[in-house]
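This is a walk through one structure, starting from a single residue and moving outward to the elements around that residue. Have the sequence and the model at hand while reading.

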Amino acid sequence: MGIIKSGRVVIVLAGRYAGRKAVVVKTHEDGGAGKRFGHAVVAGIDRYPRKVVKAMSKAKLDKRSKIKPFVKAINFNHIMPTRYVTDFDLKKIVDEGALSSESRVETRKVLKKTFEEKYRNQSGKNEKKAGGTQYFFKKLRF
């Protein structure tokens, strides 16, 4: 898949996480690793952060900024690429062993910290990748 590359924001179309946004970490064009179809390893948001305003206290802001992540290998037919790209470097966090049941819990914990930190420290609106980051953290409304 030409457009689905690392860092691209995609929307999951089927399964438990349908309607959720995710970032492509790695693509496998011809399959492999027990899967005989082209797929992408994605890291996404299962529970989005809630709206925060300037007047909220630090404690309330921290509580409303919580994110629940997921990691999954998804068939290319079940994801839809968007025009947005993020600058997340998730290749070190989500490696080959991250999809096994033992290490998936640890991977999710590290992803949770990374996503929450990126959510709190978003840069200005003028950068191209900042637009993708803002889009990624907003719940899909349709």
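In this predicted model, N75 is buried, because its relative accessible area is 19% and the cut-off for buried is under 20%. The residue belongs to strand β4, which covers residues 68–75.

What does the side chain of N75 reach? A distance of 3.0 Å separates it from the backbone nitrogen of N77. Once neighbours within four places in sequence are set aside, N75 is in contact with F37, G38 and H39.

From N75 the view can widen to the sheet. Strands of a sheet pair through backbone hydrogen bonds, in either a parallel or an antiparallel sense. Here 5 strands make up an open sheet, and their pairing is antiparallel. Read across the sheet, the order is β4-β3-β2-β1-β5. Strands β4 and β5 (79–85) stand at the edges with a single partner strand each, so one side of each has no neighbour in the sheet. From one strand to the next, the twist averages 40°.

At the β5 edge, the pairing is with β1, a strand made of residues 8–12. The two strands run antiparallel and are joined over 4 bridges. Within this pair, V10 stands opposite P81 in β5.

The strand that holds N75 also has a helix lying across it. Helix α2, residues 101–120, lies across both β3 (39–47) and β4. Its direction is at about 120° to β4.

Conventions
Residues are numbered from 1 along each chain as its sequence is written. This is a predicted model: local features need pLDDT of at least 70, side-chain atom pairs count only at pLDDT 80 or more; totals for chains, interfaces and linings use all residues. Side-chain values use heavy atoms; hydrogens and water are left out. Buried means under 20% relative accessible area, exposed over 50%, partly exposed in between (1.4 Å probe, protein chains only). A polar contact is a pair of N or O atoms within 3.5 Å; within protein, one must be able to donate a hydrogen and the other to accept it, and residues adjacent in sequence count only if both atoms are side-chain atoms. Contact means heavy atoms within 4.5 Å. Two strands pair if DSSP finds at least two bridges between them. Axes are lines fitted to C-alpha atoms, for helices over the stretch in contact, and angles run from 0 to 180 degrees between N-to-C directions.
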